[in-house]
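Me: Could you go through this structure with me and explain the words as we meet them?

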Amino acid sequence: MVPEQHFSVVIVAGGKGLRAGGEIPKQFQPIGGKPMLMRTIEAFYDFDYRMRIVVVLPEEFHNFWSELCRRHNFQLPHTVVYGGETRFRSVKNGLAEISEDEIVGIHDAARPFVTKEVIERCYREAFDFRCGVIPVIEEKNSVRLMHGYENKTFDRARIRIVQTPQVFPADLLKNAYEIPYREEFTDDASVAEDNGMQIKLVQGDERNIKITTPFDLEFAEFLIRKNTF
């Protein structure tokens, strides 16, 4: 187990998240009667109640979030910071709240079903090996590689689906985020890797789904009803 003083997480909820449908961003939409973001915060608090939790939200939704917390009597300790125009900028804003001597995870607010086992695995490996760690699962579908209008089959055994939390020594990640943003930075590991950090893969979990579409929301409700979580 990583010493508690090294625990922190930046939960990224800085986007509008409207593909899931509804009138409010998906991170605020209820799953089993509770806003998704609250379930995500609880997942990390339940793993270690001493963990520093930083939530990145669009500026225009800070008051809305405060009202949701009041309405649901949600009192778990967390710090809220402004999101940026890009995920890169949002993560950087969140990292400003993190000390360099910590082990920090970056997690999608839209992954409320992350398990304690996945969280512990990522933090332990990042601490032990002082590298970036990302949870992954195998691709079960057949896949094809596109070349313009042409395509060909591709060996799915060589593909891994990336999840979060992506976990790093905070000093290394904060340094990596000092470089200018580029479009190829699709996640935190790509930023860290560009700065020369080693990336280690660990086993993720099929249940650690990212809620993006209305179907995903329906499936999440199903999981709650079946007491899967």
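Me: What makes the space of about 340 Å³ a pocket?

Reply: On a 1 Å grid over the protein atoms alone, a pocket is an open set of points with protein on both sides within 12 Å along at least five of seven lines, and lining residues have an atom within 4 Å of a point. The second largest pocket holds about 340 Å³, a volume being the space filled by probe spheres set on the points. Among its 20 lining residues, Arg111, Ile137, Ile161, Val162 and Gln163 are the closest to the centre.

This is a predicted model: local features need pLDDT of at least 70, side-chain atom pairs count only at pLDDT 80 or more, and totals for chains, interfaces and linings use all residues. Residues are numbered from 1 along each chain as its sequence is written, and side-chain values use heavy atoms, leaving out hydrogens and water.

Me: Which classes of residue line that pocket?

Reply: The lining has 10 charged residues (Asp, Glu, Lys and Arg). Another 6 are polar and 4 are nonpolar.

Me: Why are the buried residues of helix H2 said to be on the same side?

Reply: Buried means under 20% relative accessible area, and exposed over 50%, with a 1.4 Å probe and protein chains only. In H2 the buried residues are His62, Trp65, Leu68 and Cys69. They cover an arc of only 120° around the axis, so they lie on the same side of H2; the arc is that of the directions from the helix axis to the C-beta atoms.

Me: Which exposed residues are on the face turned away from the buried side of H2?

Reply: That face carries Asn63, Arg70 and Arg71.

Notes. 1 Å grid on protein atoms, 1.4 Å probe; cavity = no way out; pocket = protein on both sides within 12 Å on 5 of 7 lines; lining within 4 Å. Helix = DSSP H or I, 4+ residues; strand = E, 2+ residues; numbered from the N terminus.
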